[in-house]
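Reader: I would like a close look at a single part of this model, taken slowly and with each term explained. Please begin with the sheet and then go on to what packs against it.

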Amino acid sequence: MAWFKRDKAPLATDKKVKVPEGLWTKCLSCKEALVTKDLERNLNVCPKCNHHYRISARQRIDLLLDAGSFVEYDATMVSVDVLEFKDSKSYQERIQAALAKGGAKDAVICGAGAIEAIPVQLAVFDFSFMGGSMGSVVGEKITRAIERGVAAHTPVIVVSASGGARMQESILSLMQMAKTSAALAKLREQGLPFISVLTDPTTGGVTASFAMLGDINIAEPKALIGFAGPRVIEQTIRQKLPEGFQRAEYLLDHGMVDLIVERKDMRATLARVLGMLYRPQ
């Protein structure tokens, strides 16, 4: 009865096929397997369910501004551990770990550029740097961008992606909420537009200050936007929150957001809004 015995040589079906690492990406929303290069070509938006992945500040700048128009300001500013904060790691260790990723020097990149030849001051958060948290450097850079808008008589756009105020800087971080809001008041006095673009996530002290002060507030689809997170609210009030609470679509329905715009349409939408609101001197 040796006829059922398997040959020593393995069958072709037994061979393990090695898939190159990074070839596929599993969508965080619909769980579909996506070819990574196709996802990147689609501006890091899932072609199946339209889930908008987070992207870096540099990628965002390239998507929004005219090619070659961006001039960065305050690029060398870095955070300082004034309070000598320490929990499981020191604040300085966390800063160094964020810098080691090789991206921005802090959680926001600021500069001047143009959108379809319309001059703008642009500030773009990078969530990969300590969760896009706002410390003294972030607040100062955004304030300077707004002040350059006033001086140059140009609109200001801030693209937010932040977990809120940076706890390692305590009150120094919270002060940035008032500072940036005061700068925006001066911009408004000059009749210059401020457009706030809200991406996933925009929360905490960033939401409680400049992010919701736009003449026009524009959100990406399904972006999480709020002050405290949904889990914190549910634990505090001991109630189940409504479906979609704190998502861009919910805020649009309740008057907190003016537009929801897909990533592929954001540049054209900003150009159209600027054309309506901005009149050069």
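Author: What follows describes the sheet, one of its strands, and a helix that lies on it. This is a predicted model, in which local features need pLDDT of at least 70 and side-chain atom pairs count only at pLDDT 80 or more, while totals for chains, interfaces and linings use all residues. Residues are numbered from 1 along each chain as its sequence is written, and side-chain values use heavy atoms, with hydrogens and water left out.

The sheet is open and has 7 strands in the order β3-β4-β5-β6-β7-β8-β9, with mixed pairing; helices (H or I, at least four residues) and strands (E, at least two) are DSSP runs, numbered from the N terminus, and two strands pair if DSSP finds at least two bridges between them. The edge strands, each pairing on one side only, are β3 (71-73) and β9 (259-260).

Strand β7 (residues 194-202) is largely enclosed by the rest of the structure, because 9 of its 9 residues are buried, where buried means under 20% relative accessible area, exposed over 50%, and partly exposed in between, with a 1.4 Å probe and protein chains only. With strand β6 (residues 156-162), β7 pairs in the parallel sense over 6 bridges, and S162 stands opposite T202 in β7. Between these two strands the chain passes through helix α5 (residues 170-189), in a β-α-β crossover that is right-handed, a term meaning that, with the strands pointing away from the viewer, the path from the first strand over the helix to the second runs clockwise. With strand β8 (residues 216-219), β7 pairs in the parallel sense over 4 bridges; the bridge partner of L198 is A219 in β8, and that of I195 is I216.

In strand β9 lies I260, which is partly exposed, with a relative accessible area of 27%. Leaving aside neighbours within four places in sequence, I260 is in contact (heavy atoms within 4.5 Å) with A219, E220, P221, A248, E249 and L252.

Turning to the helix, α2 packs on the sheet, touching β3, β4 (108-115), β5 (118-125), β6 and β7, and its direction makes about 160° with that of β5; axes are lines fitted to C-alpha atoms, for helices over the stretch in contact, and angles run from 0 to 180 degrees between N-to-C directions. The axes of helix α2 (residues 57-64) and helix α9 (residues 263-277) come within 9 Å and cross at roughly 55°. In this contact R60, L63 and L64 in α2 meet R263, M266, R267 and L270 in α9.
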